[in-house]
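The following report reads a single protein chain through its sheet, one charged residue within that sheet, and its salt bridges. Please keep the sequence and the coordinates at hand while reading.

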Amino acid sequence: MIHKKLRLGYGKEKINKIMDLIDYSIKSNFDLNDDRIQTAISVLNEYVRLHEKNNYDVSYIKEFLLLHELKKDTFTGGIIEESKENILRNVKGNFEDLSFSRHSIREFTTDPIPKELIENAIRIASKTPSVCNRQAWSVTVVKDNSLIKELMKIQSGINGMAENMNTLIAITTSYEYFGNIHERNQAFIDGGLFAMSLLYALTYLGVGTCALNANLRISDEITVKEKLGLSNADNLIMFIAVGHYQETVKYPKSNRDSVTKIVNFI
Ligand SMILES: Cc1cc2nc3c(=O)[nH]c(=O)nc-3n(C[C@H](O)[C@H](O)[C@H](O)COP(=O)(O)O)c2cc1C
């Protein structure tokens, strides 16, 4: 729904999966007012609205919604359109503004990202805390679009987004910094913290980002590491796509759970 080049009918498998899960929730007597279920229903409604606007038949979804009387819409699904100007102003505000103005951006302009901007973001992110200040992280920046396409084909989580992507970051942490069995998860924890700082730093410096998973099959991981010139000791944390915002930025609503749902004071 966010892509400029609209792919009508796209994602049918996922839509069917959502409908199956809603069906399952109904049969299991789950609370249909739950935020996540309501968001799933809202996504279906948005999908219908978008397709009807473009004269594309999605009656199978409409029938499903009618059958289960799910026409009420919380409008928590779908996309938001915001001007680049607005985002760039907000990211320079306080931390709360920055946090709520970071979105996963999946379409960029073709303008290159200056090397200095990436270096500045890494400098800011390097203040990330790490166990015993070991700073096990490394950043590999790929600017070669054909290599980006190869890597993203293996990663397979972004469907065509790599076409115009001119900057891809791979974050790794080295196991060489961790010697003890009790530290077996630390490379992921410190790497994850650093990755988040880098996402915020890049956002603060005015560019769009999208975190991309590096959950690869072992054989694919070996290939990716080879292509990036990484060693066996390097632990792939994740990728980050980086690019300049388009004038009008579209991103999914990505609703969040309420604080009361996730907090437990003891
Ligand atoms: C570790 C990690 C891996 C992710 N991998 C992907 C991915 O492969 N493809 C994608 O489109 N988005 C990916 N995302 C982005 C999430 O979908 C996104 O963060 C989430 O939907 C919340 O939206 P927001 O970032 O706009 O707040 C990833 C995010 C994280 C943190």
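## Pairing around strand β5

In this predicted model, strands β3 and β5 run antiparallel and are joined by 8 bridges. Within that pairing, Thr-172 stands opposite Leu-236 of β5. Strand β5 also pairs with β4, again in the antiparallel sense, and here the pairing extends over 6 bridges; Thr-209 has Val-242 in β5 as its bridge partner.

Strands of a sheet pair through backbone hydrogen bonds, in either a parallel or an antiparallel arrangement. Here the pairing is antiparallel, and the 4 strands form an open sheet in the order β2-β3-β5-β4. The edges are taken by β2 (137–142) and β4 (208–213), each of which has a single partner strand, so one side of each is left without a neighbour in the sheet. From one strand to the next, the twist averages 25 degrees.

## Helices against the sheet

Helix α7, which covers residues 145–155, packs on the sheet and touches β2, β3 (167–174), β4 and β5, while its direction makes about 60 degrees with that of β3. Helix α8, formed by residues 186–204, lies across β2, β3, β4 and β5 and runs at about 10 degrees to β5.

How many of the residues of β5 are buried? The strand is mostly covered, and the count of buried residues is 10 of its 10.

## Asp-234, a buried charge without a salt bridge

Asp-234 belongs to strand β5, which comprises residues 234–243. The residue is buried and yet has no salt bridge, for the nearest side chain of opposite charge, that of Lys-225, is 6.7 Å away. Since a salt bridge requires the nitrogen and the carboxyl oxygen to lie within 4 Å, the distance of 6.7 Å to Lys-225 does not qualify.

What does the side chain of Asp-234 reach at 2.8 Å? At that distance lies the backbone nitrogen of Ser-231. When residues up to four places away in sequence are set aside, Asp-234 touches Thr-172, Thr-173, Ser-174 and Lys-225. Of these contacts, Thr-172 has already appeared as the residue that stands opposite Leu-236 in β5.

## Salt bridges

Side chains of opposite charge can pair when their charged atoms come close. In this chain the count comes to 13 salt bridges, among them one between Glu-247 and Lys-84, whose closest N and O atoms are 3.6 Å apart. This pair links distant parts of the chain, since Glu-247 lies in the loop between β5 and β6 (248–252) and Lys-84 in helix α4 (residues 84–90), 163 residues apart. Glu-247 is exposed, with a relative accessible area of 59%, whereas Lys-84, at 23% relative accessibility, counts as partly exposed.

A salt bridge also joins the side chains of Lys-227 and Glu-150, with an N to O distance of 2.6 Å. This pair, too, links distant parts of the chain: Lys-227 is in helix α9 (residues 218–228) and Glu-150 in helix α7, 77 residues apart. Lys-227 is partly exposed, with a relative accessible area of 35%, and Glu-150 counts as partly exposed at 38% relative accessibility. Helix α7, which holds Glu-150, is one of the helices described above as packing on the sheet.

Arg-217 forms a salt bridge with Asp-220, with the closest N and O atoms 3.3 Å apart. Arg-217 counts as exposed at 60% relative accessibility, whereas Asp-220, at 17%, counts as buried. Salt bridges that share partners also join Asp-34, Arg-36, Asp-257 and Lys-261 into one network.

## The chain as a whole

The chain contains 10 helices and 6 strands, and its C-alpha trace spans about 55 × 50 × 45 Å along the principal axes. Of the 266 residues in the chain, 41% are buried. Among contacts between residues at least 6 apart in sequence, 80% join residues that are at least 24 apart.

Key:
Residues numbered from 1 in each chain as written. Predicted model: local features only at pLDDT ≥ 70, side-chain atom pairs only at ≥ 80, totals over all residues. Heavy atoms only, no water. Helix = DSSP H or I, 4+ residues; strand = E, 2+ residues; numbered from the N terminus. Buried < 20%, exposed > 50% of the residue type's maximum accessible area, 1.4 Å probe, protein only. Lys, Arg positive; Asp, Glu negative; His and termini not counted. Polar contact = N/O pair within 3.5 Å; in protein donor to acceptor, adjacent residues only side chain to side chain. Contact = heavy atoms within 4.5 Å. Pairing = 2+ DSSP bridges. Axes fitted to C-alpha atoms, helices over the stretch in contact; angles between N-to-C directions.
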